[in-house]
Amino acid sequence: MKWLGRTFLLVGALCVVAIGAALMFQRQIGAALFMRGVNAAAGIDRTATLPDGLHVFVCGSGSPMPDPGRAGPCLGVVAGEHVFVVDVGSGGARRLARMGFPMGRIERVYLTHLHSDHFDGLGELLLQAWVGGSRREPMPIMGPEGVEEVAAGLNQAYRIDAGYRTAHHGPEIADPRGFGARGVAIEPLTPAEPTRVILEADQLKITAILVDHAPVKPAYGFRIDYKDRSVVISGDTKESAALAAASKNADILFHEALNVEMVRAIAGANRARGQAHIAHILADIEGYHATPAEAARTAQAAGVKHLILYHIVPPLPTRYFNAAFLGDAPKLFKGKLSVGVDGLLVSAPATQTEVAYRIIR
């Protein structure tokens, strides 16, 4: 047994030496690790090596509720040579940049509806796309009626800052002609006409879908078809027959989800601590969101292959809570079911049936 004791002593001594060296050379080691990170990530366009197809960058899977692990709702999409973003919640633009999304190539932003948590990161995205891409015209922002007012308000709010950027970087980098946004309203849909193609070019088709998020009207989901691959994004909605019909046989459905029991537990705790107004707000939000089970029913009815839940309410501190959040949803949907996370890249290559997944931190 003496050899065992000597081994422990040797290992302990080596650990002490290693710790001492790490502390003594902390500056040099830190600088080397920093440069390694710079060389691995700075200026990288992660779309450059993606195969032709339909790719979704989950830049925000959260909600307005505080969540250190999730930005507000945000999805970056690459369809062939086309690059666009659907909703830009708080923190979403920074997550996109960290994921190596080509901010300077963004052609257009689509807003599902005009709740602020779906566009409160838009100003930051507009700035990054403008200066980072040396844009020569404002970014088109397409969404429900009222999007023109949102765009005009952002332009006004960032006008002074834009002047500073041009003065500092010069018009070749921060061209005043490319500053800001231009709102483009989607012609209203109706229950009698719940879908309409709003873009068709280069084998890419984007369809707006009328969903139910009353009293927010109108609210839209979007179906994106590129060649033979398809993705549907629900936006915020209750269980929706129109969404199920429009999602028929899609490869992937990104659907919002709220767990009622968990939200009620938070509301009860707030009420017990004298925060009745917060409890009231939490009770209100139950009525215009879908539960994981309802999202699963929609996905099953549509025959989609993969259901990814996003706009997660309430926050889930660890993946260990996922099963409790999902409840009966896995019993109701027979395809692949996932709880979305920020940094997820979902790739559906054209002319294939496979879907690839990876996390980019």
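Is Q203 buried or exposed, judged by relative accessibility? At 56% relative accessibility, Q203 counts as exposed. Buried means under 20% relative accessible area, exposed over 50%, and partly exposed in between, with a 1.4 Å probe and protein chains only.

This is a predicted model: local features need pLDDT of at least 70, side-chain atom pairs count only at pLDDT 80 or more, and totals for chains, interfaces and linings use all residues. Residues are numbered from 1 along each chain as its sequence is written, and side-chain values use heavy atoms, with hydrogens and water left out.

**View 1. Two non-glycine residues have positive phi: Q203 and H311.**
Q203 lies in the loop between strand 7 (195–201) and strand 8. Its phi is near 65°. H311 is found in strand 12, and its phi is near 50°. H311 counts as buried, at 2% relative accessibility. Strands here are DSSP runs (E, at least two residues) and helices are DSSP runs (H or I, at least four), numbered from the N terminus.

**View 2. R223 makes side-chain contacts with S230 and A246.**
R223 lies in strand 9 (residues 216–226). R223 is buried, with a relative accessible area of 13%. A polar contact of 3.5 Å joins its side chain to that of S230. The R223 side chain also reaches the backbone oxygen of A246, at 2.9 Å. A polar contact is a pair of N or O atoms within 3.5 Å; within protein, one must be able to donate a hydrogen and the other to accept it, and residues adjacent in sequence count only if both atoms are side-chain atoms. Leaving aside residues up to four places away in sequence, R223 touches a set of residues including K205, I206, T207, V231 and K248. Contact means heavy atoms within 4.5 Å.

**View 3. Two cis peptide bonds precede prolines, P215 and P218.**
A214 and P215 are joined by a cis bond with omega about 15°. P215 sits in the loop between strand 8 (204–213) and strand 9. The cis bond between K217 and P218 has omega of about -10°. P218 is found in strand 9.

**View 4. Eight strands form an open sheet.**
The strand order is 6-5-4-3-2-1-14-15, with mixed pairing. Strand 6 (181–185) and strand 15 (356–359) are the edge strands, each pairing on one side only. Neighbouring strands are turned by 20° against each other on average, direction ignored. Strand 1 (residues 53–60) pairs with strand 14 (residues 344–349) in the antiparallel sense, over five bridges. Two strands pair if DSSP finds at least two bridges between them. G53 has P349 of strand 14 as its bridge partner.

**View 5. Helix 4 and helix 5 meet the sheet.**
Helix 4 (residues 122–133) lies across strand 3 (82–88), strand 4 (108–110), strand 5 (139–143) and strand 6. It runs at about 150° to strand 5. Helix 5 (residues 147–157) packs on the sheet and touches strand 5 and strand 6. The direction of helix 5 makes about 170° with that of strand 6. Axes are lines fitted to C-alpha atoms, for helices over the stretch in contact, and angles run from 0 to 180 degrees between N-to-C directions.

**View 6. W130 and F179 form an edge-to-face aromatic pair.**
The structure holds five aromatic pairs. In this one, the rings are 5.5 Å apart centre to centre, with 65° between the planes. W130 is in helix 4, and F179 is in the loop between helix 6 (159–169) and strand 6, 49 residues apart. W130 counts as buried, at 2% relative accessibility. Rings of Phe, Tyr and Trp (its six-membered ring) pair if their centres lie within 6.5 Å; planes under 30 degrees apart count as stacked, over 60 as edge-to-face and the rest as tilted. F84, Y110 and F222 form one aromatic cluster.

**View 7. E107 contacts H82 through its side chain.**
E107 lies in the loop between helix 3 (92–98) and strand 4. E107 is partly exposed, with a relative accessible area of 33%. The polar contact between the side chains of E107 and H82 is 3.0 Å. Beyond four places in sequence, E107 also touches residues including E81, V83 and R135.
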